[in-house]
Amino acid sequence: MVTPVPARQLASYLQCLYEAAGMTRVGARVMADAQVEADLRGIFGHGSRLAPTYLNKLRTGRLNPRPLIRAVRDEDAIRVVDADLAPGPLAARMAAAAATLRARRWGIAAVTVRRAGHVGALGIPAAKVARRGLVGVVAAQASARSVALHGGTGTPVLGSSALAVAVPGPDRQRPVLVDLAAAAMSWGRLHQLALTGQALPDGAALDANGRATDDPTRATVLLPAGERGQALAIVLELLVGALTGSVPVPAGDHGRGLLVVAIDPRRLGTAYALTTGVAALVDAVRQQGARMPGDRAWSHRDRTLHDGVRLNADDLSALIDAGRRLNVPAPHGWARPAPDHPKE
């Protein structure tokens with residue numbers, strides 16, 4: 001059974017959960033907004049279903065509910081930040097804001113973050129930069145090695161790092177947006193396929209014996225999307241690991257690296273050219289019957305704002321249970337449904 005929940009109601013409940021877990025009101029709101037926004041865009045693996053996991057990490061000290069996020073270096077267009085094990089959406093929000101301010105002055109800015117938690121959907125902070133009229137690039141490190149290499153032994157070497165790029169266009173609220181994992185898919189997407197009983201595409205994952213599998217419930221290791229995807233995954237690992245001052249390859253829950261780059265086309269003298277260029281490319285792509293990067297997410301957002309966020313029985317029960325542990329009552333009308341595991 002699936003229960004539609006109004007996005008605003010879900011965000012309010014999540015904020016109460018995070019405040020009860022010790023976060024500030026502002027920090028809790030950032031967390032709630034980021035996870036509901038992921039749900040709205042159809043990125044359910046980074047949405048509200050992750051709240052119980054985040055809350056457990058806050059409880060056990062793997063994440064800091066009230067981090068002292070500080071700059072360890074701040075020079076012109078460069079800012080280096082220690083996130084003090086802040087939840088990733090909070091660290092990414094602050095990094096994106098810092099990059100935007102510096103790019104306004106210097107034309108381009110780079111903010112690196114070390115010791116951050118899992119960010120979730122990187123397209124959310126990237127789009128925030130683009131809505132200010134800047135190009136936003138956000139890349140984030142994973143906490144564990146979970147991606148093997150084509151031609152390798154099947155042992156995971158890389159993390160499932162991720163990259164998002166947002167480019168502003170005529171509609172500032174809907175930038176051109178690509179948000180992808182270094183592997184053939186993210187773990188969040190794989191888990192979503194497992195919940196709905198769908199098969200994995202060929203070449204996406206290996207099982208515990210190192211054999212290719214299309215069963216998401218048996219997948220233990222991801223693979224890059226071909227040789228070019230593998231090259232991107234390796235370079236991305238360097239950008240979010242060594243370049244940010246974090247571990248060069250994931251080594252556990254010691255915080256992750258995060259990189260945010262912002263570019264102001266007005267400082268390049270190309271703001272108008274970029275806006276008209278995006279419009280022209282959008283027309284050319286859609287005349288071919290294809291979608292622009294981000295189209296699916298924005299369409300899904302419109303539908304979900306109207307219809308509500310669809311929570312399956314297990315995820316809804318987990319959110320209700322999280323509230324009971326924190327003495328936060330679930331919204332009126334929520335009820336624990338009988339768990340189901342749809343296979344169609």
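Begin by selecting helix α6, residues 187-196, in this predicted model. Gly188, Leu190, Gln192 and Leu193 of α6 are buried. Display β11, residues 221-222, as well: the buried residues of α6 pack against this strand. Then move to Gly197, which follows α6 and has a positive phi, near 70°.

**Strand β12 and its neighbours**

Next, select strand β12, residues 256-263. Seven of its eight residues are buried, so β12 is largely enclosed by the rest of the structure.

Add strand β4, residues 108-116, to the view. β4 and β12 run antiparallel and are joined by seven bridges. To find the register of this pairing, label Ala109 in the view; it stands opposite Ala262 of β12.

Now add strand β5, residues 135-140. β5 also pairs with β12 in antiparallel fashion, through six bridges. Here the residue to label is Val138, whose bridge partner in β12 is Val260.

**From β5 to β8 and β9**

Keep β5 on display and select strand β8, residues 162-167. Five bridges connect β5 with β8, and the two strands run antiparallel. Ala139 stands opposite Leu163 of β8 in this pairing.

Which residues of β8 form its covered face, and which its uncovered one? Ala162, Ala164 and Ala166 make up the covered face, whereas Leu163, Val165 and Val167 make up the uncovered face. Colouring the two sets separately shows this division along the strand.

Continue to strand β9, residues 176-181. It is joined to β8 by six bridges, again with the strands antiparallel. Val167 of β8, already seen on the uncovered face, stands opposite Val176 in β9.

**Arg102 in helix α4**

Turn to helix α4, residues 88-106, and select Arg102 within it. Is Arg102 buried or exposed? Its relative accessible area is 15%, and because the limit for a buried residue is under 20%, Arg102 counts as buried. Leaving aside residues up to four places away in sequence, Arg102 touches Asp74, Asp76, Ala77, Ile78, Arg79, Gly107 and Ala109. Ala109 is the residue labelled earlier opposite Ala262 of β12, and this contact leads the eye from α4 back to the strands.

**Helix α1: Ala11**

Now select Ala11, which is found in helix α1. Ala11 has a relative accessibility of 4% and counts as buried. What does Ala11 touch, not counting residues up to four places away in sequence? The residues in contact are Arg29, Ala32, Asp33 and Val36. Draw a distance between the C-alpha atoms of Ala11 and Arg29: they are 7.8 Å apart in space, although the two residues are 18 apart in sequence.

**Helix α1 against helix α11**

For the last stop, display α1, residues 7-20, together with helix α11, residues 313-325. The axes of the two helices come within 10 Å and cross at roughly 40°. That angle makes α1 oblique to α11. The crossing is left-handed.

To see the contact, select Leu10, Tyr13, Leu14 and Leu17 on α1, and Leu319, Ile320, Ala322 and Gly323 on α11. By class, this contact comprises seven nonpolar residues, one polar residue and no charged residues. An α-helix has 3.6 residues a turn, so residues three or four places apart point the same way.

Methods:
Residues are numbered from 1 along each chain as its sequence is written. This is a predicted model: local features need pLDDT of at least 70, side-chain atom pairs count only at pLDDT 80 or more; totals for chains, interfaces and linings use all residues. Side-chain values use heavy atoms; hydrogens and water are left out. Axes are lines fitted to C-alpha atoms, for helices over the stretch in contact, and angles run from 0 to 180 degrees between N-to-C directions. Helices (H or I, at least four residues) and strands (E, at least two) are DSSP runs, numbered from the N terminus. Angles under 35 degrees count as roughly parallel, over 145 as roughly antiparallel, 65 to 115 as roughly perpendicular and the rest as oblique. A crossing is left-handed if the near helix is turned anticlockwise from the far one by less than a right angle, and right-handed if clockwise. Contact means heavy atoms within 4.5 Å. Ala, Val, Leu, Ile, Met, Phe, Trp, Tyr, Cys and Pro count as nonpolar, Asp, Glu, Lys and Arg as charged, and the others, Gly among them, as polar. Buried means under 20% relative accessible area, exposed over 50%, partly exposed in between (1.4 Å probe, protein chains only). Two strands pair if DSSP finds at least two bridges between them.
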